[in-house]
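Me: I would like a close look at one part of this model, in a single connected answer. Please give the cut-offs as you go.

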Amino acid sequence: MGLSKTEETSLLLDEQLLQYMDQLESLQEKRSALNTLIEQGWFSLSKARYSMGNKQVSSLQYASEMEPQIFVQARAVENNALEFCTERITIQSPTERVQNTTSVEDIGPKEEGVRKRIKASKDMAEPEELVGASAENPSPTSTKPPSESHGNNRDQNPQADPLKWFGILVPQTLKQAQSSFRQVIELSAEIATLQAAVLKTRDEFKLALKLSC
């Protein structure tokens, strides 16, 4: 003997209510873990400031150009649910960035080399007196200091590891702070996904409860 419509509705409501409670429990656990990671990150950062100095770990060490290393994407999954996920990009060195754009920049240097060879052939046709005069009175040339010509690697590579903004040999506490805050970003995406699922389950439960009345 099959179940009546009232019994089927009651079982559906019970199932949705249990799912809702499980999601709330999981959401509470993830929020607690998120708060713990944030506290650990700030505590490790404060210890790094204590060992390196307050002025050595501040916004003054930020790079002039910065690019995100983690992107948060939202996408729709089955049952019209919303899912948030993080995507980490690969950090490239300045050499790799130049190699990736070599195919685009090859046209310019080739044409410039042709112009230089044409100009050199014309200069060789000039009288030797002009060459001798230029040798006796050389024109002053200006050279840039090495610091200006090479620049700062931190500014040339916006995708560099942020730890290098504060020096090469950074304390372990600063690395721990970076690791904690990275986990915070990933966990925040999971919490946002679970929060959307909780709201969806609650709306479905309210709708089913309204139809059963």
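Where is L199 found? Please start from that residue and describe the part around it.

Reply: L199 is found in helix α8, so let's make that helix our subject (helices are DSSP runs of H or I with at least four residues, strands are runs of E with at least two, and both are numbered from the N terminus). Before we go in, a word on the ground rules. This is a predicted model, in which local features need pLDDT of at least 70 and side-chain atom pairs count only at pLDDT 80 or more, while totals for chains, interfaces and linings use all residues. Residues are numbered from 1 along each chain as its sequence is written, and side-chain values use heavy atoms, with hydrogens and water left out.

First, the setting. The chain holds 8 helices and 2 strands, and along the sequence they follow the pattern α-β-β-α-α-α-α-α-α-α. Of its 213 residues, 18% count as buried, where buried means under 20% relative accessible area, exposed means over 50%, and partly exposed lies in between (1.4 Å probe, protein chains only). Among contacts between residues at least 6 apart in sequence, 73% join residues at least 24 apart; a contact means heavy atoms within 4.5 Å. Helix α8 offers some long-range examples of its own.

Back to L199. With a relative accessible area of 34%, L199 is partly exposed. Its C-alpha atom lies 9.9 Å from that of Q23, although the two residues are 176 apart in sequence. Q23 is one of the buried residues of α1, which brings us to the partner helix.

Helix α1 covers residues 5-52 and α8 covers residues 172-212. For the 48 residues of α1, 1.5 Å a residue gives a span of 70 Å, and the 70 Å between its end C-alpha atoms agrees; the expected span is 1.5 Å times one less than the number of residues. After α1 comes G53, whose phi is positive, near 110 degrees. The buried residues of α1 are L13, Q16, Q23, L27, L34, L37, G41, S44, L45 and A48, and what covers them includes α8.

S180 shows this pairing from the α8 side. S180 has its place in helix α8 and counts as buried at 8% relative accessibility. Setting aside neighbours within four places in sequence, S180 is in contact with L37, Q40 and G41. Of these, L37 and G41 are among the buried residues of α1.

Charged side chains also take part. Side chains of opposite charge can pair when their charged atoms come close. With a salt bridge taken as a side-chain nitrogen of Lys or Arg within 4 Å of a carboxyl oxygen of Asp or Glu, the count comes to 4. One of them joins K30 and E190, at 3.1 Å from N to O. K30 lies in α1 and E190 in α8, so this pair ties together parts that are 160 residues apart in sequence. Both ends are partly exposed: K30 has a relative accessible area of 24%, and E190 has 39%.

Another salt bridge stays inside α8. E204 and K200 meet at 2.4 Å, N to O, and they lie 4 residues apart, about one turn of the helix. An α-helix has 3.6 residues a turn, so residues three or four places apart point the same way. E204 is partly exposed at 35%, and K200 is partly exposed at 24%.

Finally, the pocket. A pocket is an open set of points on a 1 Å grid over the protein atoms alone where a 1.4 Å probe fits, with protein on both sides within 12 Å along at least five of seven lines; its lining residues have an atom within 4 Å of a point. The largest one has a volume of about 620 Å³, the space filled by probe spheres set on grid points joined across faces, edges and corners. It is lined by 25 residues, with P162, W165, F166, Q178 and F181 closest to its centre. Helix α8 gives the most to this lining, with 6 residues, and α1 and α8 each supply at least two. W165 sits just outside our helix, in the loop between α7 (153-156) and α8. It is buried, with a relative accessible area of 13%. The C-alpha atoms of W165 and S59 are 9.9 Å apart, with their positions 106 residues apart along the chain.
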